[in-house]
Amino acid sequence: MESLVDEENRLVVAQTSVLASDAATNSKANLALMQGLVDSFAEDRADQKKEKDKKSREQVVLKALAFDETKTNQDSGEPEAFWQTIYRNYLGQRIRGTGEWIFSDHKYVAWEKGQSSRPILAIAGGEGTGKSFLTSTITKHLNRRKATESSDRKITTGYYFLEGDSRDELRNAINLEPVAKSLVWQFSQSERIYLKSVAQLCEHYGEVDPAEISKHLIFGNRDLANLTSLFILSLMGWVTLSERACCFEQLSKIGNTRFDCMSISTNNRSDVEKFIENRMDKMPALNDRTRLGIPELRDNIRARLCAETQGDYFKIDKTLDHISSLEYKTNIKQALDDASKERSQQITEEIKKMNESRSEKELLEINEIIRWIVYGKDVLTPKQMSAALYVRNGETSLLPLEQKSKIKYSLFEVDRNVKVDFRSSEIERYIPLKKTTHDLEDSYSKEAAQAAEVAMIKHFLLTVCPSEVYTKLKFDAYLAQLSKPKGSRINKDEPHTGETKMALTCLDILTEKTDRKRTRLLTYARKYLINHLSTVDLALADIACKSAVGVLLAKLFTEGSSIDILLHCAESVDDPNLRYKIRRYWLYSNDSVNTILRWFGDSAVTSEITDTATRAWVASVASEAESDEDLMRPAAEGMAVHFLQEAHSESFTKDAFLFIAGFVNKIERRKGVVTHEVNDPSYVYSVEEIESVENGCQTVLPR
């Protein structure tokens, strides 16, 4: 019995020991688990703090850089990365193997390895020499290095192309500050250290002068001087520029910035040859190298084009376009002889040829396209440009614009960004102003000669002139010109008339019934109507165009359907940011309204308004002290109807209320009834204010 008790005690002790051991183990595991959770929470808090700091610093940088609002994301306020789209477009159309010669160039190799004493490598060349394609090749190479190589020196890439949607940006391409803004933002998104440094500088300077962004945030940034191992490209950035002395001069003035310069045209012979071979491979007459004489002909075309054009892709492309339509060697030889002509001569000859060969309607279309390219604020897509021609002509061509630009309208092209533009930026320089064109045509009859009259003169000339003299003096070309009425020649409007006609087109789109074609240009018309109107000096614009604008302006602000189109009143629109921008544009700011009032104050603008009630309204708007209130009252009336008398979605009803509230607030502030403004999108209305707006609706509702 005693032994049994003893054995039982030993078992109890053993079990107690096991339990104690398990408890200790579990305790350690729980402790480790708790510690892990604590560490995890700490890491999460640290990550959250880092992310919060990053967002805060990004907002500081964005405020200092002040990107164009039309090119920023509606929600985040960050710039749209259009440079990435352009880069991908170039990369996608780059011919395999082109641009790789640069990786063997001693200047480039020294620059990439950080062994050059000059931090910037400038690749210089005229328009159409392949700089942008070379840029895409370099960018791809550096991105690949960044992804695959491990090094003590970290590579951060930034790039920018001086092209895109904005015509003003293209015209001011010598200004490098848009480039600097983009590079600062790209580097800020890549490296937290750079973001922190730039945010501190932005806070220090407050608002950075746009002309000094590159000086303070890139080249003159002392904090970055200690980060050369991290930011090779931010301090040793590569730039591709046209041969414009002002660009190089601007670079040289930024601190002690020094740069090496290399010419693309003296180095890219292999690229030019690959491009020519690629184009000939797509020509039915030249793509079969097994045919007798074709290899020799291709070699001759390649060698002649390289020698005659000096690497000018505009001249190469134009010549190859011509060769692609030819069948005989003698004609190809003539085309190659013409390739050596200066670009200016080729352009003027092309304009002359189109004047002589295109119909009256085609010439009017060409001039309309010219107007949109020269005075448009955005570069249009082929579908948008077709819509613009539809608004102009009232009908749609069965031939797509992409095809027209290849076979009929050779001054234009659909570029790599799928936008309609001149084939060369130099073309605009050689298109005569309309006034000058008329002066040149004074020798012609003001009206087109009848076919019978032209036939009679031709018969007489053939009777009295030997055939060789008739041909030498080019009488056929002269007689063909007599058949064209005055004005049916390629030209461009002088600036103030051109801007007036652009505003007239915008008004046409906003005041006429919309259809599928017109809808493509609605956003443009809303966005840029005021821009076009504000650019015009009314004393210099064409009077007939001004009076046409006056009629449609009155219609825009008095007719309900036009007002709804202008203010984007549609159930399908559910974008609070867009609605706020519309209110700010027409209610919270006076700039747009003042522009309209300036136009209504010109007697020539209102001279063709015939409706008695409309004339009285315009006179009231133009003369009253509270003219801005009178101008926007019809719009407020329409919104009051939408708000109180019609059934709409909650979002639409809210927007109608906010528009009326802004209008009423403007009136009450002028009368001294209230002092606060309601132009903050986060403003919260009290019950009393809502009732006040409803009562205000009774004063603006049409009786």
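Buried residues account for 44% of the 703 residues in the chain. This is a predicted model, and its secondary structure runs to 36 helices and 5 strands. On the outside, the chain exposes about 37,200 Å², with carbon and sulfur atoms supplying 52% of that area. As for how the chain folds back on itself, take the contacts between residues at least 6 apart in sequence: 73% of them join residues at least 24 apart.

Now to the rings. The count of aromatic pairs comes to 17. One of them brings together Tyr-87 and Tyr-159, whose ring centres sit 4.9 Å from each other. The planes of Tyr-87 and Tyr-159 make an angle of 45°, and the pair counts as tilted because that value falls neither under 30 degrees nor over 60. Tyr-87 belongs to helix α2, which covers residues 82–93, while Tyr-159 is in the loop between α4 (131–148) and α5 (167–171). The two rings therefore tie together parts of the chain that are 72 residues apart in sequence. Are these two tyrosines buried or exposed? Tyr-87 has a relative accessible area of 9%, so it counts as buried. Tyr-159 is buried too, with its relative accessibility at 9%.

A second aromatic pair is made by Phe-103 and Tyr-108. Here the geometry is edge-to-face, with 5.6 Å from centre to centre and 65° between the planes. Tyr-108 is buried, at 1% relative accessibility, whereas Phe-103 is partly exposed, with a relative accessible area of 24%. The cut-off for buried is under 20%, which means that the 24% of Phe-103 puts this residue in the partly exposed class. Elsewhere, ring pairs connect Phe-82, Trp-83 and Tyr-160 into a cluster.

Turning to helix packing, helix α31 (residues 591–600) packs against helix α34 (residues 627–644). How are the two helices arranged? Their axes are 10 Å apart and meet at an angle of about 100°, so α31 is roughly perpendicular to α34. On the α31 side, the contact involves Val-593, Ile-596, Leu-597 and Phe-600. Those residues meet Ser-627, Asp-628, Leu-631 and Met-632 in α34. By residue class, the contact of α31 with α34 splits into 6 nonpolar, 1 polar and 1 charged. Ser counts as polar and Asp as charged, so Ser-627 and Asp-628 of α34 are the residues behind those two single entries.

Glu-626 is found in the loop between α33 (612–623) and α34. This glutamate is partly exposed, and its relative accessible area is 36%. Along the chain, Glu-626 and Arg-670 are 44 residues apart; in space, their C-alpha atoms are separated by 9.2 Å.

Finally, a couple of backbone angles deserve a mention. Gln-310 has a phi near 55°, a positive value in a residue other than glycine. Where does Gln-310 lie? Its place is the loop between α13 (294–309) and α14 (313–323), and the residue is exposed, with a relative accessible area of 57%. Val-418 also has a positive phi, near 55°, and is likewise a residue other than glycine. In this case the residue lies in the loop between strands β4 (412–414) and β5 (420–422). Val-418 is partly exposed, with a relative accessible area of 47%. The exposed class starts over 50%, so Gln-310 at 57% falls into it, while Val-418 at 47% does not.

Definitions and conventions. Residues are numbered from 1 along each chain as its sequence is written. This is a predicted model: local features need pLDDT of at least 70, side-chain atom pairs count only at pLDDT 80 or more; totals for chains, interfaces and linings use all residues. Side-chain values use heavy atoms; hydrogens and water are left out. Rings of Phe, Tyr and Trp (its six-membered ring) pair if their centres lie within 6.5 Å; planes under 30 degrees apart count as stacked, over 60 as edge-to-face and the rest as tilted. Helices (H or I, at least four residues) and strands (E, at least two) are DSSP runs, numbered from the N terminus. Buried means under 20% relative accessible area, exposed over 50%, partly exposed in between (1.4 Å probe, protein chains only). Axes are lines fitted to C-alpha atoms, for helices over the stretch in contact, and angles run from 0 to 180 degrees between N-to-C directions. Angles under 35 degrees count as roughly parallel, over 145 as roughly antiparallel, 65 to 115 as roughly perpendicular and the rest as oblique. Contact means heavy atoms within 4.5 Å. Accessible areas come from the Shrake-Rupley method with a 1.4 Å probe; for residues, only the protein chains shown count as cover.
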